[in-house]
Protein chains: 2
Amino acid sequence: MVEHSGPDVKFVNKYCPSSSSSSSASSSSSSSSSTAREMKILATLRGSLSRKYPQKNGEVLSAQYGINLLLVGLALMLALAYQGPTVTEETVLAFLSTLMLMQLLWMICYVARLERKRNAPPERDANAATSWIRGGLTLLALLSLITDAFRVGNYVGYQECVSPVLGVYPVVHALHTVSQVHFLWFHVKDVIKRYETFERFGVIHAVFTNLLVWSNGVMTEAEHALNDHKRRLSAVGSFNFTDWESTQPNCNCTTSACSMFSSSLYYLCPFNIEYHILVSVLLFVMWKNVGRTLDQRTNQKPASSPLLITGSGDGPFLLLGPAFGLLALASAITVLVIYIIHVEESLEARHAAISMFYWFGIVILACMSVAGAVGLVIYRLEDWPMDTAPNPARTLDSKLLLGSSIGSWLVCWCSVIAVGGATNSPNYRWANLGYAILLVLEKCVQNLFVVESLYRRRREPEERGPGLRATHNSILSPSQGNEKIFAVYDGIINHAYESPDKQCENDKQAYSRNSEKHVEHSHGHGTPETPNRQRQLLKNIAIFLFMCNISLWILPAFGCRPQFDNGLEEASFGFPIWSTVLNFALPMSLFYRMHSVAVLFEVFRKI
Amino acid sequence: MVEHSGPDVKFVNKYCPSSSSSSSASSSSSSSSSTAREMKILATLRGSLSRKYPQKNGEVLSAQYGINLLLVGLALMLALAYQGPTVTEETVLAFLSTLMLMQLLWMICYVARLERKRNAPPERDANAATSWIRGGLTLLALLSLITDAFRVGNYVGYQECVSPVLGVYPVVHALHTVSQVHFLWFHVKDVIKRYETFERFGVIHAVFTNLLVWSNGVMTEAEHALNDHKRRLSAVGSFNFTDWESTQPNCNCTTSACSMFSSSLYYLCPFNIEYHILVSVLLFVMWKNVGRTLDQRTNQKPASSPLLITGSGDGPFLLLGPAFGLLALASAITVLVIYIIHVEESLEARHAAISMFYWFGIVILACMSVAGAVGLVIYRLEDWPMDTAPNPARTLDSKLLLGSSIGSWLVCWCSVIAVGGATNSPNYRWANLGYAILLVLEKCVQNLFVVESLYRRRREPEERGPGLRATHNSILSPSQGNEKIFAVYDGIINHAYESPDKQCENDKQAYSRNSEKHVEHSHGHGTPETPNRQRQLLKNIAIFLFMCNISLWILPAFGCRPQFDNGLEEASFGFPIWSTVLNFALPMSLFYRMHSVAVLFEVFRKI
């Protein structure tokens, strides 16, 4: 969480160590002149505590600040969730507004400082956030601004009976959103190397402010889900639900648009949530980049290869993935609409809707698993070059994918246990089981595919060249010093630690038949066509998975949550435990899908 | 969670790439001979999926396996916690026994395989687990074995009415404990480089098996705590608690020792819990080491300096830390006994006991914070060499410290909010506030101190030598290629990225007075005495913090949990939320203290 995952960055000045070394090491000898010593201690402390605080401690200190900020916010929200007398919604919103204003102030300071030193712009991490990601972010921010406008509208309608904080918060949030998007567009790639301690705290403050606003949104969503659940139960007749409108203020709306505002807010909320978590991730990468040394060789924007756009085999091939993806998207929206309508009808319609959801899920997850597996097999067959340069953005992407899978995996295993031990057997019982197991499998395969894709490097035109010879040449001439070419064989040879000669023999045994049989082919018919076809296949897979992940985000984000409605898990775990599990797991699952979408788009562009 | 934090390990064989490269790259050209191609694909797949699966994917795949294993277990335990019909205690214990037997089988395979290849022993990571840690582990394992014996005794007494699984589980657990301790003593330092995929899965299986047994223990403990809480409430009279003995079986004990067994189990349980979490951590380091390349220069066991044992200034100095530490320990045990007796008496005695706990906590935490801060100041003043060599054990140690702080920080902030918004004001209200804030502060300072200590390197005798000259020489002769010497100045100079000349100027400005004033001292009176005195001070601090952390582990581990008893937080958060928070946070907090003890001991030995 706190450490650089690349090799530790060394802050070593080889040019003038003498002055500092003598000043500090001299402390060991000055026992006579005590006042001079005290002055020295003070000077050293002042120096080391302000600007020269060591990297590692700066990291730990700022991480601790951020974590505690988050925990204060979480504690406030927990108290709010209890609806006790201690904390009201106004307290939480005021706290969040304060944090956002502090972030605003820091961003202004940061930009102003950069302006003053225009002649020495900071280095930039080319991998940090592509313009596509920032574009998507801007879209989400726009929807977030609409949310703010509706919130203000809602406040104006009810302003007689609600706290002014409810009006101030959306205004501050809108201000924060606009300036944050501006900041991200122009500064998220910055690699901060001056004034590290101050900047570190600023960035981590921004990260955790966004995380807190995200948590607040998630809590609101959880309330929505609970209310939905109760309303549906009362619609089916198994629950007497009269107070589900208790979240409304106690006075009448003075404008005519209040109900429109509140129902629109229900549908806009998911975008606002995704906006904040995405910003957190981008800013976290910026924080990891503070004080980092960039490797100039690897930190180059990948030139968009002409083959990418007008490749020889692009035309007919880049149709299947998008076509199936669009089909999945359209079906998902259909399923969503049918589900939401039918789940509030009679018990039979409800069961039919839940069954439909599970069967749709089984089909789409099976397709996704197969697509991911095909992608992995292609990587196994084709030895694409590996990219092992340090890259905090990529490391974080893989960790986040794995970490956010945990939520829905937990739900899946709970479902499996619930289905196994269920006493009643509704018609969707075994579909639920299949869906749960396939979901575990699909996330495993997709994670493997994404991680493998992220760690593969796009082949340069000369590497791709006419068959093998170019590659061979570069391998057999280590004098070029291009170690990366060797990494090409990561996928095949990973036993460099055995004695070289022995390894040679092993490999030769394993591959001798193949190489003997095919080496003449490669020299004879070697054309760039076939790897290009495989690239096209991978591109199709990536775009298909991209669309499927959007579909699987839409379903739970807009109210299709059979985990609440099917009753099997609730019977095995009880409502308190099961709703806690879902409130923990569903936001993670939504984040997983959104993050997969972003990463798969990167993969698509990279292949 | 999954990535190597050091530089990615490259598995590159530079000596014979030709055979594999030709075999795999040839796939791009063979479009004519389809059967030969299929055979080749199969051969490549077989090769790449078994032994030659790439490092990154092996990591992700095994991590996913481990996480899902944990989640299955957690889902079972959640179902058990609900006490519904789906899952009984026997299911969970049978699941855990199966996992332990699988791990046993794997360990036997691993050891047998190593025996067969005795001539080529695996490399060993000198930093992985010192013999001290393994010694402590063995002690915990012995207590764990006693627990097992008592469990078997308990089973024999009740065997008429309980499932045989309750008798089989402790036997399997004892077998598992003995063989695991043996395995850890002889193999935890192994750096696995052959059969990676199989070993990776075995190690991760072992990690998560121990984590699951830990979770099970934590759940039992949470039950204990809840029962304690109810019994105390009923003792004070505010709660009618008749069914707290419901955890006992439904028949009479046939031996006379049953009540002795069950009350002893209550006190032995914490050690069993700590044993399993410690094993998980050690095995996790082993998993991170799979396939790692060791840097031979840094992977040397630090020779125990004679100064450590019979240093010049050791005698009088190494008294204060242990003395104050023992005082803290003795007071903690006194507080524990008084607390447990008084908290079940009248309401006034209860309030007095809680007050006493908080005031004791405030005193000890204040002392610890001051000690940690003094340590940090010493590091700032004295430029000890930095150690930045890759070291998974250390990286994990720092991350675990930070991660496990989260639990008690959350509890603290909840306490702060509860105190702030409390409607009634018992006499311990403000003591609770002070305790919470000091606890946050103490953990921050201690984390900083530990991380800083871990990343400092012990100075070699020649570096420590007579004054400055030796150091100066090595700095001014980069031809020695010893870059680490430069890292000495990490603490002081971390702005190497500014242009060198400018940096020189800055540093010279900052330090000019000091260096001018003191450089003559250092040449005149340079003796090793003063840094040694500072080393002694650091050693005292480490041993004091070590003992204090033991004290703060003992208190909650043996039933001194005022967070349950004081009622303030419960009023603000409600019993369901607050007990969930505590059940999540207390195990983390206990782990934090135990882990701090282990790490501080390392620090003590290292300084």
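How many disulfides does a search of the whole structure find over all chains? The count for this predicted model comes to 2.

Take chain A to begin with. Here Cys253(A) is tied to Cys258(A) by a disulfide, with 1.7 Å from S to S. The torsion about that S-S bond is about 65°, so the link between Cys253(A) and Cys258(A) is right-handed. The two partners sit in unlike surroundings: Cys253(A) has 24% relative accessibility and counts as partly exposed, while Cys258(A), at 4%, counts as buried.

Over in chain B, a disulfide pairs Cys253(B) with Cys258(B), and their sulfur atoms are 1.8 Å apart. This link, too, is right-handed, with 65° about the S-S bond. Cys253(B) is partly exposed at a relative accessible area of 24%, and Cys258(B) is buried at 4% relative accessibility.

What about cysteines outside these pairs? Cys414(B) is in no disulfide, as the nearest cysteine sulfur, in Cys412(B), lies 9.2 Å away. Cys414(B) is also buried, at 0% relative accessibility. For Cys269(A), the closest cysteine sulfur belongs to Cys258(A) and is 18 Å off, which is too far for a bond. Cys269(A) counts as buried as well, with 7% relative accessibility.

On to helix packing. In chain A, helix α13 (residues 392-420) packs with helix α22 (residues 575-606) at an angle of about 140°, and their axes are 8 Å apart. That angle makes α13(A) oblique to α22(A). The crossing of α13(A) past α22(A) is left-handed. As for what lines the contact between α13(A) and α22(A), its residues split into 15 nonpolar, 8 polar and 3 charged.

Notes. Residues numbered from 1 in each chain as written. Chains lettered and ligands numbered in written order. Predicted model: local features only at pLDDT ≥ 70, side-chain atom pairs only at ≥ 80, totals over all residues. Heavy atoms only, no water. Axes fitted to C-alpha atoms, helices over the stretch in contact; angles between N-to-C directions. Helix = DSSP H or I, 4+ residues; strand = E, 2+ residues; numbered from the N terminus. Parallel < 35°, antiparallel > 145°, perpendicular 65-115°, else oblique. Left-handed = near helix turned anticlockwise from the far one by under 90°. Nonpolar A, V, L, I, M, F, W, Y, C, P; charged D, E, K, R; others polar. Disulfide = S-S within 2.5 Å. Buried < 20%, exposed > 50% of the residue type's maximum accessible area, 1.4 Å probe, protein only.
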